[in-house]
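Please walk through this protein with me, one question at a time. Short answers will do.

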Amino acid sequence: MRCWVLLFIHTADIHVGAFPHSVLREACIEAFKRISEIVLSENVKTVVIAGDLFESSRPSYELVVKVVRILKELKSNGVRVIATPGSHDVTFKGYGTLTLLSEVGLVTIPPFEEKDLTLILKPVEVDGVKFYGLPGFKGGKEIEYLERKRIVYRDFSENDINVLVAHTSLEIPGYNITDISKKYSAIKLSKDAYRALLNFRYVALGHIHFPVPIELEFKSTLAYPGAPIGRDANDIIETFKLRNTFNSDRRVLLVDVSTSPPKVKALLDDFGLDVDILTVDSISNIIRDVMLKLNDMHGKYKCLIVYTGRVSFDQFEKLRKHLNELARKHNVWIHVVHSTVEEDDTLSLLEGFKVDLSNIEALEREAIRSIVRKLGISVDEEKLLKLINILGREYPEGSKKYEFDEEVVEEAVKVLNEILFKGGGE
Ligand SMILES: [Mn+2]
């Protein structure tokens with residue numbers, strides 16, 4: 001029996017570079033710094049980042065330098081960082097910043113190769129544990145590979161302790177992710193495909209920003225640590241819900257793979273964010289109400305989500321302008337939602353859905369209907385859907401990019417004309 005300490009920290013979706021033009025622009029890099037401090041204080045020698053370390057494949061030099069400093073410090077303390085690319089940090093040909101960091105030896109990306117409709121994954125061995133990495137492809141192609149069982153795990157031996165670091169949106173049995181937050185269309189794998197994952201001692205997941213399972217301590221073969229900060233207003237709203245509805249917080253996971261299933265401990269942290277909500281009903285009290293809230297808030301970053309209720313559009317715009325000014329003046333992050341708390345964006349958009357969540361077109365149709373209703377505009381929903389499909393069309397291999405672009409623009413303009421001038425074009 002080998003006596004390695006089979007412990008590592010599991011994190012994901014740090015999104016360094018998110019919130020670029022707001023007071024939160026440093027929050028994600030500071031969260032990464034905070035995670036490195038947790039790693040060092042827990043005295044673990046391996047960190048696993050299950051995708052989306054960066055918000056984009058080419059973040060600013062300033063941020064890259066800061067990330068490099070953190071990674072260098074981890075390295076000099078003997079910590080190995082294993083990262084798999086997420087849908088945000090991959091580039092078409094694989095030359096993003098994450099690749100650069102792996103080339104200079106600051107992170108280790110378990111090798112992967114796409115060949116003949118098969119994805120070949122090779123392990124990286126650290127202290128007796130084999131880490132495989134399943135990257136998150138654009139458009140969620142990794143789900144196809146999983147479902148069709150077209151993944152080859154090289155050098156796989158059931159006698160080893162194998163960990164799969166995967167950036168993908170999976171249902172975890174017993175936890176209905178779409179119930180927790182309806183923006184996630186987590187995929188339910190077939191029994192067969194799911195069983196194949198259970199050959200791993202642990203599947204370190206990323207992509208879903210909400211923590212699953214939510215408990216402080218649990219035993220599980222699969223888990224999402226969730227994002228420390230996130231990347232948009234929905235994530236900030238979820239941080240509020242996490243604290244107030246679920247009595248928990250953002251976190252990283254401390255995973256002990258010496259047992260099967262592994263013992264997992266959530267290490268909670270507020271990552272410097274204080275989040276609160278406020279409902280405003282009139283413009284005259286708004287400054288007083290916001291200031292009262294802000295005085296009650298602590299933490300480096302104050303985030304306020306303001307619900308305006310169903311006021312008229314003119315009124316909403318006025319409120320928003322006032323609030324933006326207040327945010328600037330007091331160096332806080334304010335997000336204004338044109339609805340009541342009960343029907344806020346993440347929920348109201350999807351709440352009424354009785355459709356199959358894997359049916360993207362039905363989802364889009366429902367979302368369009370809801371927005372058209374909310375904005376009170378008169379527009380042909382079918383035409384909007386057509387426009388979305390044209391703009392979302394994938395660039396076909398082998399065709400000339402400018403020809404493809406021209407074609408898309410031409411078709412989009414045609415549909416836009418039909419929408420704006422009610423079919424007057426033809
Ligand atoms: Mn992400």
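Q: In which loop does H15 have its place?
A: This is a predicted model, where local features need pLDDT of at least 70, side-chain atom pairs count only at pLDDT 80 or more, and totals for chains, interfaces and linings use all residues. Residues are numbered from 1 along each chain as its sequence is written. Helices (H or I, at least four residues) and strands (E, at least two) are DSSP runs, numbered from the N terminus. H15 lies in the loop between β1 (7-11) and α1.

Q: Is H15 buried or exposed?
A: A residue is buried if 20 or more other C-beta atoms lie within 10 Å of its own, exposed if 12 or fewer, and partly exposed in between, with C-beta atoms placed from the backbone. H15 is not a glycine, yet its phi is positive, about 55°. It has 29 other C-beta atoms within 10 Å, so H15 is buried.

Q: Which residue in the loop between β14 and β15 (273-279) has its place there, with a phi near 50°?
A: The value is positive, in a residue other than glycine. This residue has 26 C-beta neighbours inside 10 Å, so it counts as buried. It is F271.

Q: At what angle do helix α1 and helix α2 pack?
A: Angles run from 0 to 180 degrees between N-to-C directions, and axes are lines fitted to C-alpha atoms, for helices over the stretch in contact. The axes of α1 (residues 27-42) and α2 (residues 61-76) are 10 Å apart. The angle between them is about 0°.

Q: What does that angle make α1 relative to α2?
A: Angles under 35 degrees count as roughly parallel, over 145 as roughly antiparallel, 65 to 115 as roughly perpendicular and the rest as oblique. Therefore α1 and α2 are roughly parallel.

Q: Which residues of α2 make the contact with α1?
A: Two residues are in contact if their C-beta atoms, placed from the backbone, lie within 7 Å. From α1 come I29, F32, K33, S36 and V39. From α2 come L63, K66, V67, I70, E73 and L74.

Q: How many residues of β7 are buried?
A: Strand β7 spans residues 129-134 and is mostly covered. On one side V129, F131 and G133 are buried, and on the other K130, Y132 and L134. The count is 6 of its 6 residues.

Q: Which strand pairs with β7 in the parallel sense?
A: Two strands pair if DSSP finds at least two bridges between them. Strand β6 (residues 124-126) is joined to β7 by 3 bridges and runs antiparallel. The parallel pairing has 6 bridges, and its partner is β9 (residues 161-167).

Q: Which residue in the turn between β6 and β7 has a positive phi?
A: β6 and β7 form a hairpin with 2 residues between them. V126 has V129 of β7 as its bridge partner. The phi in the turn is about 45°, and the residue is D127.

Q: Which strands are the edge strands of the open sheet of 3 strands?
A: The order is β4-β5-β8, with mixed pairing. β4 and strand β5 (residues 118-121) run antiparallel, joined by 4 bridges. Each edge strand pairs on one side only: they are β4 (112-115) and β8 (151-153).

Q: Which residue does a cis peptide bond join to V212?
A: Omega is about -10° at this bond. The residue lies in the loop between β10 (202-206) and β11 (217-219). It is P213.
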